[in-house]
Amino acid sequence: MSKRTMRAVTVREFGGPEVLAVEEVARPEPLPTEVLVRVHAAGVNPVDWKTREGQGMARLQAFPPALGWDVSGVVEEVGFGVTTLAPGDEVYGMPWFPRAANAYAEYVTAPARQWARKPATLDHAHAAAVPLAALTAWQTVVDTARVRAGQRVLITAAAGGVGHFAVQFARHLGAHVIAVAGAARHPWLRGLGAAETIDYTTTRFEDAAADVDVVIDLVGDAHDRTATRSLEVLRPGGLLVAVPAGVSPELARAAESAGVRVTPYLVEPDGAALATIAGLIDAGEVDVEVEETFPLEQVAAAHTRVETGRTRGKIVLTVTD
């Protein structure tokens, strides 16, 4: 392998995990205002396997799609005009989303301001678990819902990658957090700051929660009409942030009839927010959960694990030492 090539995961056709392969491809070069980052670890998210199947962000990419948006690594080169980062800096980020970033690779290029310095207290595997999930949680809880102290916030899929960050950010803001997850996750979620927990396998959350100010729904109507059912727990004027599939016309009509608000949401790169999140992590305010790591060559196994929808925190690929 030359200095101008690298290992990267490729997808030659849409399909299951078996379509993933590690091949030698051209190494990217940083343009002005961009940095080249040597990837040490890359997070795996549900949007990755959905894109692999031809869903997710596949419609926004040329074929074949490039997978992965979560990166932790070290700056290798900087393009003309970059003043905020230098070679040798340890960084993490969610470059380019929803456009292709190709994070399942040894090198990634992206604008300097889409990166932030890696939390000093985390290794690269844990740092790579943060960007997409934590930014989704931050931008829904802080920027979109504008959660305030004393509010009641219900979070579905609370034990997952986005969910476990959303629990912690809402708690950090002083909210009363109600976490919906399997019973085995309840002690852990209470340790993260959940004031109440609901076991979705035995109890319908709308039967156990009421007068909620904000619902962060990370499941959607495709699974047991979770988004529509969330409307039942909201107080008049409350807000449902519908993350997985947006707001269908049916969901919008149901929200209007119920006298509550609903909004779609899609995460976007935000280096400044990642810097704030890194500060919370380094201060011990936010924990990062990595359930399992896989080497890049086992990317198919990592996708299979994420597709179960039953992970505690995140799954991460280790790329380079």
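**Exercise 1. Describe the surface and overall build of the protein chain in this predicted model.**

*Solution.* Start from the outside. The protein chain exposes about 13,100 Å², and carbon and sulfur atoms supply 51% of that area.

Next, look at what is covered. Of the 321 residues in the protein chain, 56% are buried.

Now count the secondary structure: there are 10 helices and 15 strands. The radius of gyration is 19 Å, close to the 20 Å from the globule rule for 321 residues, so the chain is as compact as a globular protein of that length.

For the extent in each direction, follow the C-alpha trace, which spans about 60 × 40 × 35 Å along its principal axes.

Finally, ask how the chain meets itself. Among contacts with a separation of 6 or more, 67% are between residues 24 or more positions apart.

**Exercise 2. Find the residues with the most contacts inside the largest nonpolar core, and explore the surroundings of phenylalanine 169.**

*Solution.* The largest nonpolar core holds 91 residues, and Phe169 and Leu189 have the most contacts inside it. Helix H3, residues 131–144, gives this core its largest share, with seven residues.

Then zoom in on phenylalanine 169, setting aside neighbours within four places in sequence. Its contacts are Ala134, Ala137, Trp138, Val141, Ile277, Leu280 and Val286.

One more core lies apart from the largest one: it has 17 residues, including Val212, Val233, Leu234 and Leu251.

**Exercise 3. Work out how strand S9 is linked to S8 and S10.**

*Solution.* Begin with S9 itself, residues 176–180. Four of its five residues are buried, so under the 20% cut-off for relative accessible area this strand is mostly covered.

Step to one partner: strand S8 (residues 152–155) pairs with S9 in the parallel sense, over four bridges. You can locate this pairing at isoleucine 155, whose bridge partner in S9 is alanine 179. To trace the connection, go from S8 through helix H4 (residues 161–172) to S9; together they make a right-handed β-α-β unit.

Step to the other partner: S9 and strand S10 (residues 196–198) run parallel and are joined by three bridges. Here valine 180 has isoleucine 198 in S10 as its bridge partner. The chain passes from S9 through helix H5 (residues 186–192) to S10, and this β-α-β crossover is also right-handed.

Put the steps together: S9 pairs in parallel with S8 and runs parallel to S10.

Technical notes:
Residues numbered from 1 in each chain as written. Predicted model: local features only at pLDDT ≥ 70, side-chain atom pairs only at ≥ 80, totals over all residues. Heavy atoms only, no water. Core = buried A, V, L, I, M, F, W, Y, C linked by side-chain atoms within 4.5 Å. Buried < 20%, exposed > 50% of the residue type's maximum accessible area, 1.4 Å probe, protein only. Helix = DSSP H or I, 4+ residues; strand = E, 2+ residues; numbered from the N terminus. Contact = heavy atoms within 4.5 Å. Pairing = 2+ DSSP bridges. Right-handed = clockwise from strand over helix to strand, strands pointing away. Rg over C-alpha atoms; globule rule 2.2 N^0.38 Å. Areas by Shrake-Rupley, 256 points an atom, 1.4 Å probe, with all protein chains shown as cover.
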